[in-house]
Amino acid sequence: MTTSIIQPCAARLFNTYSQHAQSSSLESLQYLVEEAYKLHERMRKNAACKTGLLDLDEFLLLKALRNYSVHQGEFLGEAYYIDTEFAKSMQLELLRVCLVKRSTVNLAINHEPTLEHGEENKINRIRGQLVDFGDFFNLEPVIFNFMVKVYEKLKAMNLAIPGQGYADIDQAYLREKHFNYPHYLSLHPANCDAEEIKQHLVPLNKSTTLDRSGLPAPEQDPFHQFSTLELNYQALSPIDYEGDDYEAIHESLTHQIQEKPDSLLIAKALPTHQGMAFIASENSIDVTCFNIAAQKELFENHNIELDPFFYQPSINELLALFIHNNKIFPVILHKSDFITTPKSIAMPSKTEWDELVASIKIPASSNKVGRNEPCPCGSGKKYKKCCA
């Protein structure tokens with residue numbers, strides 16, 4: 001089956017999404033859910049995607065709303081813009097809400113009794129997408145995540161989708177990848193709740209945009225020239241430490257930056273996708289920047305495994321790598337720690353770094369029990385959490 005019937009339908013969906021982003025009425029949402037359903041049906045005709053979009057929880061909710069609009073009634077609700085200054089202060093990822101009456105959504109869900117293949121536990125999956133706004137549900141994060149996941153599916157199928165709507169998402173996706181930003185929105189903002197957001201809603205206008213990050217093009221990024229660290233990756237391995245060990249490295253790296261003006265300026269300016277490395281050489285400690293995404297790829301190519309946590313610093317955090325004697329000590333530093341410089345703490349010397357590393361519990365050789373291996377005492381716990 002040729003994919004030619006998928007491409008024009010996908011183009012209409014992405015163009016409809018662009019129109020939805022500029023509209024305060026929910027008429028555009030009805031068009032969007034209808035185009036999403038059409039794309040689903042066409043994808044099911046392709047041998048490589050027989051379940052269409054049924055694996056997406058977001059689609060199950062949108063399909064329920066589509067069926068409601070076709071067989072029962074109109075959507076009731078409206079879309080609003082979130083005040084820019086408030087959104088910025090709360091670090092909200094999206095500047096828009098799409099509010100649909102709770103009663104409308106519940107009616108749509110309750111009229112979805114028929115289960116198809118891939119829709120097991122459908123009702124729970126649908127309700128897991130709902131963002132409570134009192135008498136309404138905010139569907140904007142769901143719609144946003146749905147469009148990103150559809151984009152990823154089409155990209156995986158190597159389809160060239162025409163139209164400006166698809167091009168806009170493609171460009172935004174590539175920028176997020178460069179800057180190490182997550183592609184999906186959190187359904188529940190960490191810094192404020194729905195009641196706070198409702199107090200800062202303003203009517204939509206033509207300048208409203210769904211560009212949640214305001215990211216520049218990669219070539220306009222002032223730090224884009226930094227890529228990876230020039231090291232002998234074959235000899236490197238990550239340190240396995242926790243608790244006091246981690247805190248010791250964290251404190252020392254923070255002091256290292258605080259006591260060195262150049263490092264302090266760089267650390268405060270580095271965007272989320274960049275990190276800072278401290279490489280202890282024979283007589284000094286070299287400080288350099290690196291691109292987190294590129295460094296992650298290089299580490300993985302050399303089977304160097306860091307906890308995924310370290311690759312996802314927030315906007316106000318910094319990934320720091322302390323590399324000493326071919327061991328990698330990853331640390332997440334908070335940029336707020338660099339605002340003031342404690343004068344009583346001197347910059348660690350090479351000898352002090354050596355002593356710090358010596359205090360970390362590193363498995364000396366393969367004939368000893370590894371920290372992540374079962375404890376030989378038979379407790380069933382990892383060695384590091386038991387007799388280490």
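Q: In this predicted model, which residue of β8 is the bridge partner of I279?
A: Let's start with the two strands concerned: β7 covers residues 274-280 and β8 covers residues 285-291, and they pair in the antiparallel sense over seven bridges. I279 has its bridge partner in β8, and that partner is D286.

Q: How many residues lie between β7 and β8 in their hairpin?
A: The two strands pair in the antiparallel sense. Together β7 and β8 form a hairpin, and the number of residues between them is four.

Q: Is S281 buried, partly exposed or exposed?
A: S281 belongs to the loop between β7 and β8. Buried needs a value under 20% and exposed one over 50%. The relative accessibility of S281 is 27%, so this residue counts as partly exposed.

Q: What distance separates the C-alpha atoms of S281 and H324?
A: S281 sits in the loop between β7 and β8. Along the chain, S281 and H324 are 43 residues apart, yet the separation of their C-alpha atoms is 7.5 Å.

Q: Which residues does T272 touch, leaving aside those up to four places away in sequence?
A: Happily, this one is easy to locate: T272 is in the loop between α11 (261-269) and β7. Its relative accessible area is 6%, so T272 is buried. The residues that T272 touches are F179, N180, Y181, I292, P313, S314 and I315.

Q: What span should helix α3 have at 1.5 Å a residue, and how far apart are its end C-alpha atoms?
A: Helix α3 runs over residues 57-71, which makes 15 residues. The expected span takes 1.5 Å times one less than the number of residues. That gives 21 Å for α3, in agreement with end C-alpha atoms that are 22 Å apart.

Q: How many of the 15 residues of α3 are buried?
A: The buried residues of α3 include F59, L60, L61 and L62, and also charged-type names such as E58, K63 and R66. The helix is mostly covered, and the buried count is 12.Q: Which helices do the buried residues of α3 pack against?
A: Among the buried residues of α3 are L65, N67, Y68 and S69. The partners of the buried residues are α2 (27-44), α5 (102-110), α6 (122-127) and α7 (140-156).

Q: Over the ring of which residue does the charged end of R66 sit?
A: R66 is one of the buried residues of α3. A charge sits over a ring only if it is within 6 Å of the ring centre. The charged end of R66 is 3.9 Å from the centre of its ring, which belongs to Y37.

Q: How far is K149 from the ring centre of Y184?
A: Here a lysine takes part: K149 lies over the face of Y184. The distance to the ring centre is 5.2 Å.

Q: How many aromatic pairs does the count come to?
A: Two rings pair if their centres lie within 6.5 Å. By this rule the number of aromatic pairs is eight.

Q: Is the pair of Y233 and F299 stacked, tilted or edge-to-face?
A: The ring centres of Y233 and F299 are 6.0 Å apart, with the planes at 65°, so the angle decides the class. The pair links distant parts of the chain, with Y233 in the loop between β5 (201-202) and β6 (237-238) and F299 in helix α12 (residues 292-301). Planes over 60 degrees apart count as edge-to-face, and the pair of Y233 and F299 is edge-to-face.

Q: What are the relative accessible areas of Y233 and F299?
A: Y233 is buried, with a value of 7%. F299 also counts as buried, and its value is 1%.

Q: Is the pair of Y246 and F310 stacked, tilted or edge-to-face?
A: Both Y246 and F310 are buried. Y246 is in helix α10 (residues 244-258), while F310 is in the loop between α12 and β9 (317-324), 64 residues apart. The ring centres are 6.4 Å apart and the planes are at 35°, so the pair is tilted.

Q: Which residues form one aromatic cluster?
A: Beyond single pairs, some rings group together. The members of this cluster are F14, Y151, Y166 and Y173.

Q: Is N158 buried or exposed?
A: N158 is in the loop between α7 and α8 (164-178). Its phi is near 60°, a positive value in a residue other than glycine. The relative accessible area of N158 is 70%, so N158 is exposed.

Q: What is the phi of N326?
A: N326 is in the loop between β9 and β10 (327-334). At 40% relative accessibility, N326 counts as partly exposed. Although N326 is not a glycine, its phi is positive, at about 65°.

Methods: Residues are numbered from 1 along each chain as its sequence is written. This is a predicted model: local features need pLDDT of at least 70, side-chain atom pairs count only at pLDDT 80 or more; totals for chains, interfaces and linings use all residues. Side-chain values use heavy atoms; hydrogens and water are left out. Buried means under 20% relative accessible area, exposed over 50%, partly exposed in between (1.4 Å probe, protein chains only). Contact means heavy atoms within 4.5 Å. Rings of Phe, Tyr and Trp (its six-membered ring) pair if their centres lie within 6.5 Å; planes under 30 degrees apart count as stacked, over 60 as edge-to-face and the rest as tilted. A charge sits over a ring if NZ of Lys or CZ of Arg is within 6 Å of the ring centre and within 35 degrees of the ring normal. Two strands pair if DSSP finds at least two bridges between them.
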